[in-house]
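Grab your viewer and work through a few short exercises. Each one sets a task and then walks through the solution.

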Amino acid sequence: MKITDLPLMARHFLSARWNWQHLRGPALERYQERRAQQIVAYALQHSPFYRNHWANHDPGSWRTLPTVDKRLMMAHFDTFTTRGIKRDVAMEVALRAEQSRDFAPLLNDLTVGLSSGTSGHRGLFLVSPAEQAGWAGTILARVLHGWRPHHLHVAFFLRSNSNLYEQVGGTFIQFRYFDLMFPLEEAVARLNAFQPHIVVGPPSLLSMLASERSKDKLRIMPERLISVAEVLEDHARQAIETIFSVRVQQIYQCTEGLLAVSCQRGALHIQEDIVMLQFEALEGSEDRLVQPIITDLWRKTQPIIRYRLNDLLELDPAPCVCGSGFRVIRAIEGRSDDICYFETLTGELRPFFPDTIRRMILLASPDITDYQVVQERNGQLHIYLQTEPGASFERVAQLVRASVAATIAQYACRSADVEIEPGLPPALPGKKLRRVRRLQ
């Protein structure tokens, strides 16, 4: 981390601690209104897209401004950001990082990331150094409950690394990135050597580590486990907590912002000093499920204002016993995926985590607008594709086959049996489409 970023990170750390304890009720509402008005004014001045999108609308009534989504953002990316970054240039940097596995290069001074495609579309995000420092200070304040200044080891399992995640490393924290596609035996050996105090990863990975711990192959005693990227199901939580004797917490984050973090009691709190969430009830769910519309109260490089997310949430009407005034998400109905398996050249089964499957589909062609992947047996994939009007489905399917073959071969696995067809199967009423699914 740059030394010049440390004071800013520290300021956000202290601010996040204070906000968590004291912002509630009318004070929180005034805070959100002030921040939202500032972000809207900034976007109006610096983002050509928003200036045009809000034509004939009153920016002062920001809660009723027209919404945006990932498809609209990507279609107008060249004018969406406030830094004039071209979509093709940013995409080239992001794709090069994916292929080389080197996530350090910047675009000007900006971190460039590629979303994992849980919404059905690939997306880009840009983050400035100041926004990185702010994110790092906030995430440390919200995740390290009751933290005592001592040297912490943090193991972070994700499909791709980022300068954003590396920002949390510093004098007291040693951050180590673990690629999700490490063979399990290698990951276990590295964890045994590293001895992390905190392990962050998808619940499917945490479940695998719990299994290795029960066999006494994994010999770590983490103080905290944090679930990310997938829905944490109750049965998985209970199994992981039983084996590690540690409560599993959650971070609910996406391209559009840091949305929610677990408190010490395990409740998933909306980060209401970071994002303002408006909700629309899902028709037919008797107001149980809501769809969030996000306004990020801090990001200026790529303003997220009235951004419609397609996750479905169930809110908890009761206040949390931890004392925070931030609202609680009882359940996330979405982003739930399964692990797929392929046979290695030596005859063993290798797991492919959902994020790897999603990326090998979405990175194949920009003409893919939505998809679903179903594995009915080991080594097989049934892929459903929805493409842009006018795009050649056969050409897109050919590119997807090539991407699947290259990814499978990259991890020394036998060729997959791939079936591809146009259109998506119907989703169940009131349920978000599971884009990667294994039939048990």
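## Exercise 1: two helices that meet

Task: work out which residues join α9 and α10, and how the two helices are oriented.

Solution. Start with the contacts, meaning heavy atoms within 4.5 Å: Leu184, Val188 and Leu191 of α9 touch Met208, Leu209 and Glu212 of α10. Sorted by type, these residues come out as five nonpolar, no polar and one charged. (Ala, Val, Leu, Ile, Met, Phe, Trp, Tyr, Cys and Pro count as nonpolar; Asp, Glu, Lys and Arg as charged; the others, Gly among them, as polar.) Next, the geometry: the axes of α9 (residues 184–194) and α10 come within 11 Å and cross at roughly 70°. Axes here are lines fitted to C-alpha atoms, for helices over the stretch in contact, with angles from 0 to 180 degrees between N-to-C directions. So α9 and α10 are roughly perpendicular. The classes are: under 35 degrees roughly parallel, over 145 roughly antiparallel, 65 to 115 roughly perpendicular, the rest oblique.

Before going on, a word on the source: this is a predicted model, where local features need pLDDT of at least 70 and side-chain atom pairs count only at pLDDT 80 or more, while totals for chains, interfaces and linings use all residues. Residues are numbered from 1 along each chain as its sequence is written, and side-chain values use heavy atoms, with hydrogens and water left out.

## Exercise 2: another pair

Task: classify the packing of α12 against α13.

Solution. First, α12 (residues 354–362) and α13 (residues 393–410) pack at about 140°, with axes 8 Å apart. That makes the pair oblique. Then look at who touches whom: Thr356, Met360 and Ile361 in α12 meet Val400, Ser403, Val404 and Thr407 in α13. This contact splits into four nonpolar, three polar and no charged residues.

## Exercise 3: buried or exposed?

Task: decide whether Ser204 and His53 are buried or exposed, and find their distant partners in sequence.

Solution. The cut-offs are under 20% relative accessible area for buried, over 50% for exposed and partly exposed in between (1.4 Å probe, protein chains only). Ser204, in helix α10 (residues 203–214), has 13%, so Ser204 is buried. Skipping neighbours within four places in sequence, Ser204 contacts Glu230, Ile339 and Phe353. His53 sits in α3 and is buried too, at 19%. With the same neighbours skipped, His53 touches Pro66, Thr67, Val68 and Leu72. The C-alpha atoms of His53 and Thr67, 14 residues apart along the chain, are 9.1 Å from each other.

## Exercise 4: positive phi

Task: say where Asn56 and Arg306 lie, given their positive phi.

Solution. Most residues other than glycine have a negative phi. Asn56 has phi near 70° and belongs to the loop between α3 (48–53) and α4 (70–75). With a relative accessible area of 84%, Asn56 is exposed. Arg306 has phi near 55° and belongs to the loop between β11 (290–296) and β12 (307–308). Its relative accessible area is 11%, so Arg306 is buried.

## Exercise 5: the whole chain

Task: how many helices and strands does the chain have?

Solution. Count DSSP runs from the N terminus: helices are H or I with at least four residues, strands E with at least two. That gives 13 helices and 20 strands. Buried residues make up 56% of the 440 residues.
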